[in-house]
Amino acid sequence: MKKQLLIFPSIVFFFILLVFFYLLIIDRDPTELPSVLIEKKAPRFEAESLLDDKKFISTEEFANKTVIVNFFATWCKPCREEHPYIKRLSNTKGIKIIGINYKDNPQRTIKWLKELGNPYSNIAIDSNGQIGIDWGVYGLPETFVVNAEGIIKYRHVGPITKKVYNNFYSKVIANRE
Amino acid sequence: MIKTFSLSVLIIVITILFSKTTIYSVEPEEFLQNSKQELKARNISKNVRCLVCQNQSIDESAAPLAKDLRILIRKKVKEGHTENEIYKFLTDRYGDFILLKPPLKRITFMLWFLPFVFLAIGIFILSWHHKKSKKKLPHI
């Protein structure tokens with residue numbers, strides 16, 4: 001009886017080992033946080049618009065159409081890396097892409113967009129990072145999918161690369177009217 | 001000789017472990033004029049996680065987002081918001097993860113009380129074992 005009991009700790013040990021091994025091999029980023037804003041209304045804000053003299057008013061932008069909201073900056077290297085994929089997303093019918101230029105230099109951003117192409121229908125300037133805080137942004141780039149009712153349906157932290165593009169695209173299509 | 005040496009090492013280790021480290025990242029221009037408000041902002045900042053470094057509070061972190069949040073907290077303190085209002089503002093945007101001390105909720109119930117349950121189980125097993133071994137002792 002006593003000897004049989006001795007097997008028990010080793011079984012527990014192997015079970016723990018298995019769990020750790022599983023967590024090691026699955027594709028996950030432990031620093032990635034779930035957004036608390038999922039299924040909630042997109043935060044309202046007003047800001048300067050980078051592309052024209054009119055004010056950027058969020059309630060006018062988030063209406064009747066699925067919107068991809070992309071927080072980006074020219075100082076952010078992964079943003080440059082994901083830019084071709086943002087451009088590819090902009091070809092999707094029935095959606096529009098809004099850029100939020102996070103703590104950046106407007107002149108530099110305009111130059112950056114001239115060089116790489118502009119997939120955004122409008123760009124809000126977040127000069128002090130306040131819009132970012134309201135959206136729970138903690139690292140650039142971050143991209144949100146907001147449906148036609150103005151509800152946040154999905155958030156992706158980090159660049160949209162070849163690896164994650166299809167998954168992200170499927171989330172966009174699923175929330176398109 | 002060895003005994004005094006190991007004792008002094010132990011004392012040094014304990015002093016290091018329990019000494020209050022004062023590594024702050026608050027920059028001079030961030031300080032509030034009103035020391036009472038500054039202290040309040042300070043205490044809140046110590047319980048707010050820096051989401052970039054994740055194991056530091058924003059009070060200790062030099063990350064730009066931590067600085068933004070420190071300034072935001074100070075602004076809210078100045079405007080007269082209560083501690084709970086400020087925590088709510090932050091958790092509404094970043095979730096409970098932003099608090100270094102998880103709040104007591106139904107979902108975190110296990111987190112708070114499981115250690116006590118394990119302690120009770122441990123005490124039970126120990127006393128049970130103790131009783132059993134006592135029985136085995138031959139009577140003299």
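**Exercise 1. Place A:Ala42 in chain A, and decide whether A:Ala42 is buried or exposed.**

Step 1: find the element. A:Ala42 sits in the loop that links α1 (2–25) to β1 (46–49) of chain A; helices (H or I, at least four residues) and strands (E, at least two) are DSSP runs, numbered from the N terminus. Before going on, note that this is a predicted model, where local features need pLDDT of at least 70, side-chain atom pairs count only at pLDDT 80 or more, and totals for chains, interfaces and linings use all residues. Residues are numbered from 1 along each chain as its sequence is written, and chains are lettered from A and ligands numbered from 1 in the order in which they are written.

Step 2: count neighbours. A residue is buried if 20 or more other C-beta atoms lie within 10 Å of its own, exposed if 12 or fewer, and partly exposed in between, with C-beta atoms placed from the backbone. A:Ala42 has 22 C-beta neighbours inside 10 Å, so A:Ala42 counts as buried.

Step 3: list the partners. Contact means that the C-beta atoms of two residues, placed from the backbone, lie within 7 Å. Skipping neighbours within four places in sequence, A:Ala42 is in contact with A:Ser58, A:Phe62, A:Val146, A:Gly150 and A:Ile152. As for A:Lys153, 111 residues apart from A:Ala42 along the chain, the two C-alpha atoms are separated by 9.5 Å.

**Exercise 2. Do the same job for A:Thr66: which element holds A:Thr66, and what does A:Thr66 touch?**

Step 1: A:Thr66 belongs to strand β3 of chain A.

Step 2: A:Thr66 is buried, because 21 other C-beta atoms lie within 10 Å.

Step 3: not counting residues up to four places away in sequence, A:Thr66 touches a list of residues including A:Gly94, A:Ile95, A:Val145, A:Val172 and A:Glu177. A:Val12 makes a nice check on sequence versus space: A:Val12 and A:Thr66 are 54 residues apart in sequence, yet 49 Å apart C-alpha to C-alpha.

**Exercise 3. Check the span of α3(A), then say where α3(A) kinks.**

Step 1: the expected span of a helix is 1.5 Å times one less than its number of residues. For the 13 residues of α3(A) that gives 18 Å, and the end C-alpha atoms are 19 Å apart, which agrees.

Step 2: look for a bend, the angle between axes fitted to the seven residues ending at a residue and the seven starting there. α3(A) has a kink of about 40° at A:His83, shortly before the proline A:Pro84.

Step 3: A:Cys79, A:Glu82, A:His83, A:Ile86 and A:Leu89 are buried in α3(A). The buried residues of this helix pack against β3, β4, α4 (106–116) and α6 (162–174) of chain A.

**Exercise 4. Run the same checks on α5 (residues 109–136) of chain B: how many of its residues are buried?**

Step 1: α5(B) has 28 residues and reaches 41 Å from first C-alpha to last, close to the 40 Å expected.

Step 2: α5(B) bends by about 25° at B:Pro115.

Step 3: the number buried is zero, so α5(B) lies largely in the open.

**Exercise 5. Describe the side of chain B that touches chain A.**

Step 1: 10 residues of chain B are in contact with 10 residues of chain A.

Step 2: α3 (64–78) and α4 (83–94) of chain B each supply at least two residues of that side. The largest share, three residues, comes from α3(B).
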